[in-house]
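Thanks for coming, everyone. I'd like to walk through salt bridges and helix packing. Please have the viewer open.

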Amino acid sequence: MSEPIRVLVTGAAGQIAYSLLLSITKGDVFGKDQPIILLLLDITPMLPVLEGVVMELQDCALPLLRDIVATDKEEVAFKDLDVAILVGSMPRKEGMERKDLLKANVAIFKSQGAALDKYAKKTVKVLVVGNPANTNCLIAAKSAPSIPKENFSCLTRLDHNRARSQVAIRCGVPATQVKNVIIWGNHSSTQYPDVHHCKVNMSGSELACFDAVKDDAWLKGDFIATVQQRGAAVIKARKLSSAMSAAKAICDHMRDIWFGTPEGEFTSLGIYSTGNSYAVPEDLIYSFPVQIKDKTWKIVEGLPINDFSRSKMDATAAELMEERDTAVAFLGV
């Protein structure tokens with residue numbers, strides 16, 4: 001058995017964490033022989049609920065779980081971390097303007113970024129889930145100057161999985177037969193699910209997505225809208241936001257960082273845009289197609305971008321620049 005790794009989940013009394021914690025502690029993410037010390041952070045009023053979560057984790061009698069630390073204190077939660085999964089954020093309430101949401105979250109993620117900088121290992125891998133995820137991730141990264149920007153990513157894997165699944169359902173194949181969809185940009189309704197480089201395995205033959213689906217109007221219209229609006233559709237149906245699918249996406253994202261992407265396949269991560277070759281503006285957290293090896297992501301280079309894709313990539317970049325500038329103004333940096 002290797003040494004235990006220290007894994008933090010924030011918003012740990014919430015519903016995404018409730019779907020996530022068992023998978024992490026069972027070994028589905030970091031491997032079946034990797035012991036884990038779990039750090040669970042939430043706000044003070046949620047500590048009684050968090051205590052119930054701790055009891056349940058203890059009652060699972062998990063062989064890999066070495067210790068659980070439940071706390072409302074950043075200096076305890078962020079100490080010597082190997083992995084930080086930042087799920088907790090201020091949710092948007094009725095009547096709240098987007099800028100009000102950004103202002104509340106800037107304060108949270110500035111504080112958590114500073115805590116990472118002060119207490120976590122410099123090798124820590126940070127995944128931001130709490131929305132607006134891209135901009136929250138950027139603020140956390142800017143607030144942790146001693147940790148490399150490449151160590152920060154935000155979750156667009158849920159959108160990636162949604163896109164993959166929609167194509168699979170349309171083609172009548174399992175989702176595992178669909179690869180190399182791309183989510184470009186923001187985890188919001190401006191994101192661009194791109195299937196121009198996607199392949200579908202139909203009866204043993206690998207086809208381009210447009211040839212497999214045979215419905216260009218759907219792929220350029222309803223498919224994109226369905227993926228962009230899927231979170232809202234789940235809320236409308238469930239009266240709660242996506243939790244099970246978000247938790248699964250977090251596991252997929254972190255497992256790929258830990259073990260790498262399969263040969264010839266790429267996934268989607270929200271990552272720091274500086275130095276990209278797709279003319280995406282600098283200094284954003286923007287979702288790109290990436291391949292991962294040795295816990296390091298690399299943007300997939302050289303994919304041809306047509307005018308249809310370019311306009312959608314630019315629109316989501318414009319939204320991210322506006323979000324960033326609003327957030328940075330609140331930071332006063």
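**Salt bridges and helix packing**

Let's start with Lys26, which counts as partly exposed because its relative accessibility is 40%. Keep in mind that this is a predicted model. What does Lys26 form a salt bridge with? The partner is Asp28, and the closest N and O atoms are 3.4 Å apart. Asp28 has 24% relative accessibility, so Asp28 is partly exposed too.

That is one pair. How many salt bridges does the structure hold? The count is 15. I'll pick out a few.

Next, please go to Asp283 and Lys142. Their side chains meet in a salt bridge, at 3.0 Å from N to O. This pair links distant parts of the chain, with the two positions 141 residues apart. Asp283 sits in the loop between strand S12 (267-272) and strand S13 (285-293). Lys142 belongs to helix H5, residues 133-142. Is Lys142 buried, partly exposed or exposed? Its relative accessible area is 30%, so Lys142 is partly exposed.

Now a strand pair. Glu206 makes a salt bridge with Lys179, and the closest N and O atoms are 3.3 Å apart. Again the link is between distant parts of the chain: Glu206 in strand S11 (residues 205-208), Lys179 in strand S7 (residues 178-179). They are 27 residues apart. Glu206 is partly exposed, because its relative accessibility is 46%.

Then there is a network. Which residues does it join? Arg157, Lys248, Asp252, Arg255 and Asp256 are connected by salt bridges that share partners.

Let's stay on Asp256. This residue lies in helix H10, residues 244-259. Buried or exposed? With 12% relative accessibility, Asp256 counts as buried. The cut-off for buried is under 20%. What does Asp256 touch, leaving aside neighbours within four places in sequence? The contacts are Arg157, Thr261, Thr267 and Ile292. Arg157 is also a member of the network.

On to the helices. Two of them pack against helix H11, and I'll take them in turn.

Back to H5, which we met through Lys142. H5 and H11 (residues 307-331) have axes 10 Å apart, at an angle of about 45°. Why call them oblique? An angle under 35 degrees would be roughly parallel, and 65 to 115 roughly perpendicular, so this pair counts as oblique. The crossing of H5 past H11 is right-handed. On the H5 side, the contact uses Asn134, Thr135, Leu138, Ile139 and Lys142. On the H11 side, look for Leu320, Glu323, Arg324, Ala327, Val328 and Leu331. By class, that contact has 6 nonpolar, 2 polar and 3 charged residues. Note that Lys142 appears in this contact and in the salt bridge with Asp283.

Now helix H4, residues 98-119. The H4 and H11 axes come within 9 Å and cross at roughly 60°. The two are therefore oblique to each other. H4 also passes H11 in a right-handed crossing. Which residues meet? From H4: Arg98, Lys99, Leu102, Lys103, Val106 and Lys110. From H11: Glu323, Thr326, Ala327, Phe330 and Leu331. The class tally here is 5 nonpolar, 1 polar and 5 charged residues.

One last thing to look at on H11. Glu323, Ala327 and Leu331 are among the residues that meet H5, and they are also among those that meet H4.

That's my tour. Over to you.

Definitions and conventions
Residues are numbered from 1 along each chain as its sequence is written. This is a predicted model: local features need pLDDT of at least 70, side-chain atom pairs count only at pLDDT 80 or more; totals for chains, interfaces and linings use all residues. Side-chain values use heavy atoms; hydrogens and water are left out. A salt bridge is a side-chain nitrogen of Lys or Arg within 4 Å of a carboxyl oxygen of Asp or Glu. Buried means under 20% relative accessible area, exposed over 50%, partly exposed in between (1.4 Å probe, protein chains only). Helices (H or I, at least four residues) and strands (E, at least two) are DSSP runs, numbered from the N terminus. Axes are lines fitted to C-alpha atoms, for helices over the stretch in contact, and angles run from 0 to 180 degrees between N-to-C directions. Angles under 35 degrees count as roughly parallel, over 145 as roughly antiparallel, 65 to 115 as roughly perpendicular and the rest as oblique. A crossing is left-handed if the near helix is turned anticlockwise from the far one by less than a right angle, and right-handed if clockwise. Contact means heavy atoms within 4.5 Å. Ala, Val, Leu, Ile, Met, Phe, Trp, Tyr, Cys and Pro count as nonpolar, Asp, Glu, Lys and Arg as charged, and the others, Gly among them, as polar.
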